[in-house]
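Trainee: Could you walk me through reading a structure feature by feature?
Mentor: Sure, let's open one and go.

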Amino acid sequence: MTTTVVIGGSFAGMTAALEIKRKGKDQHKVILIDKSPLFLFIPSLIWVPFGRRDIKDISFRKDAILAKKGVDFVNAEALKVDVKNQVVTTDKGDYKYDHLVVATGPKVKYDIAPGVAEHTHYIGTPNGAMKARKALEEFKKNPGPIVIGATQNAGCMGAAYEFLFNVEKWLREQNIRKKVDLYWITPEDYLGHFGIDGMPMGETMLKSFMSMFNIHYKTQVGVEEVTEDKIKLTNGEELPYKFSMLMPPFIGVEFVTNSPELHATPTGYIPVKDSYQHVDYPNVWAAGIAVNVPLPFTPGKVPFASPKTGYPSDETGKIVAENIIRVTEGKTKLKEKAWGRIPGLCVMDAGKKEVLLLSTSLFKPRTFAIMIPNVIYDINKVILEKYFLWKSRNGYSYLP
């Protein structure tokens, strides 16, 4: 029996573990190690600060689903890996493997600039989203300027855009919009770059949104310092604020940085081939955010990264699973699809409105790419959430 240890149980890790077991059946033992027993649909965290969703609405226990599908779940923190001896060390013991899948997700670099951690909010975690909800409830009693955006080196600009438009909608619902100067700051070279070098008509569409909603915006800026009431930008400007949400950059987790044999990049990501097989170790694989994705473009004045969203994470989990099965069957031809060649499929919420982003690949060149606005209701965003939660709750990892 071949044993695969999967580190991380979010989009990529959960998919990889379930698919390896589904395809490998009794010939394959799969162990998924994660410090949380919960699966969280992270894209819907943007709604939590406004009370549109609670954490219980977008999360569920994954141990029962994994057990039902024949995957062993270990609720532990993976600390490091000994690649030579093929052993993963956790805070609850060691685990031997034949194949290792690193699907650890990100660590947030809050210290990207002084004051970011202390004075701004981050809605990418349940705790952060709930803190933002509490802060907004206090804010509406004494409103003032709001600054939302991304710092230098950030890659997840899409979620910050979504939060921006949801804040604008919320301000109108609270009847305090006229009391608030709303600012958007981003390291992007232009609005709608998204870390993928943009989409056709994307900049024009977002400029029209900014004008329609009376949002001040500044591109090609980073954050130099945040104090209790001001954000100093890298261009020398200072913006006053009473509430701020900033998207910091992601870096690799401690499991990766504590395992020097993995030969991670300086930012803690795993170097892989287009098969998601480690460039140096044929039995080590990476999926999801843990994958190193070289930029196909050169940022302008301020550095920023590319996004690593749920759909590509899910896809890389499937590719890794397929390739591990092929290797164990003695096949030499592996499935290959570079991160940038994965189709672009995203629904960007815009405050009970939405924009569909569809393309034949995440990065250029693309044979087809389009942005479709829906100004009536964010029905596709809701459907995508319900579908993915249903799929995940039932362990249907093979579905799109």
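What follows is a conversation about cavities, rings, helices and backbone angles.

Mentor: Before we start, this is a predicted model, so local features need pLDDT of at least 70 and side-chain atom pairs count only at pLDDT 80 or more, while totals for chains, interfaces and linings use all residues. Residues are numbered from 1 along each chain as its sequence is written, and side-chain values use heavy atoms, with hydrogens and water left out.

Trainee: How do I read empty space, and how many cavities of 30 Å³ or more does the structure hold?
Mentor: The general idea is that rolling a probe the size of a water molecule over the atoms shows where empty space is left. On a 1 Å grid over the protein atoms alone, a cavity is a set of points where a 1.4 Å probe fits but cannot get out; a pocket is an open set with protein on both sides within 12 Å along at least five of seven lines; and lining residues have an atom within 4 Å of a point. Points are joined across faces, edges and corners, and a volume is the space filled by probe spheres set on them. Here there is 1 cavity of 30 Å³ or more, and the largest cavity has a volume of about 80 Å³. Its lining has 13 residues, with Met14, Thr15, Asp314, Lys391 and Ser392 closest to the centre.

Trainee: Which helices each supply at least two residues of that lining of the largest cavity?
Mentor: Helices (H or I, at least four residues) and strands (E, at least two) are DSSP runs, numbered from the N terminus. Helix H1 (11-24) and helix H9 (379-393) each give at least two lining residues, and H1 has the largest share, with 4 residues. For classes, Ala, Val, Leu, Ile, Met, Phe, Trp, Tyr, Cys and Pro count as nonpolar, Asp, Glu, Lys and Arg as charged, and the others, Gly among them, as polar. That splits the lining of the largest cavity into 6 nonpolar, 5 polar and 2 charged.

Trainee: And what about the second largest pocket, how many residues line it?
Mentor: The second largest pocket is lined by 23 residues, and Asn153, Phe250, Thr267, Tyr269 and Ala305 lie nearest its centre. The space in this pocket is about 400 Å³, and its lining has 14 nonpolar, 7 polar and 2 charged residues.

Trainee: Tyr269 has a ring; which residue lies over its face?
Mentor: A charge sits over a ring if NZ of Lys or CZ of Arg is within 6 Å of the ring centre and within 35 degrees of the ring normal. For Tyr269 the partner is Lys308, at 3.5 Å from the ring centre. Likewise, Arg52 lies over the face of Trp47, at 4.2 Å from the ring centre.

Trainee: How many aromatic pairs are there?
Mentor: Rings of Phe, Tyr and Trp (its six-membered ring) pair if their centres lie within 6.5 Å; planes under 30 degrees apart count as stacked, over 60 as edge-to-face and the rest as tilted. The structure has 18 such pairs. Take Trp390 and Tyr396: their ring centres are 5.2 Å apart and the planes stand at 65 degrees, so this pair is edge-to-face. There's also one aromatic cluster, formed by Phe11, Phe39, Phe41, Phe60 and Phe388.

Trainee: Is Trp390 buried, exposed or partly exposed?
Mentor: Buried means under 20% relative accessible area, exposed over 50%, and partly exposed in between (1.4 Å probe, protein chains only). Trp390 is partly exposed at 42%, and Tyr396 is partly exposed too, at 25%.

Trainee: What does helix H8 look like, span-wise?
Mentor: The expected span of a helix is 1.5 Å times one less than its number of residues. H8 (residues 310-328) has 19 residues and reaches 27 Å from first C-alpha to last, close to the 27 Å expected. In H8, 15 of the 19 residues are buried, so the helix is largely enclosed by the rest of the structure. Just after H8, Gly330 takes a positive phi of about 85 degrees.

Trainee: Where else should I check the backbone?
Mentor: Most residues other than glycine have a negative phi, and most peptide bonds are trans. Asp197, not a glycine, has a positive phi of about 65 degrees; Asp197 lies in the loop between strand E12 (182-185) and helix H6 (202-212). Lys352 also isn't a glycine, and has a positive phi of about 60 degrees. A cis peptide bond joins Lys364 and Pro365, with omega about 0 degrees, and Pro365 lies in the loop between strand E21 (354-359) and strand E22 (369-374).
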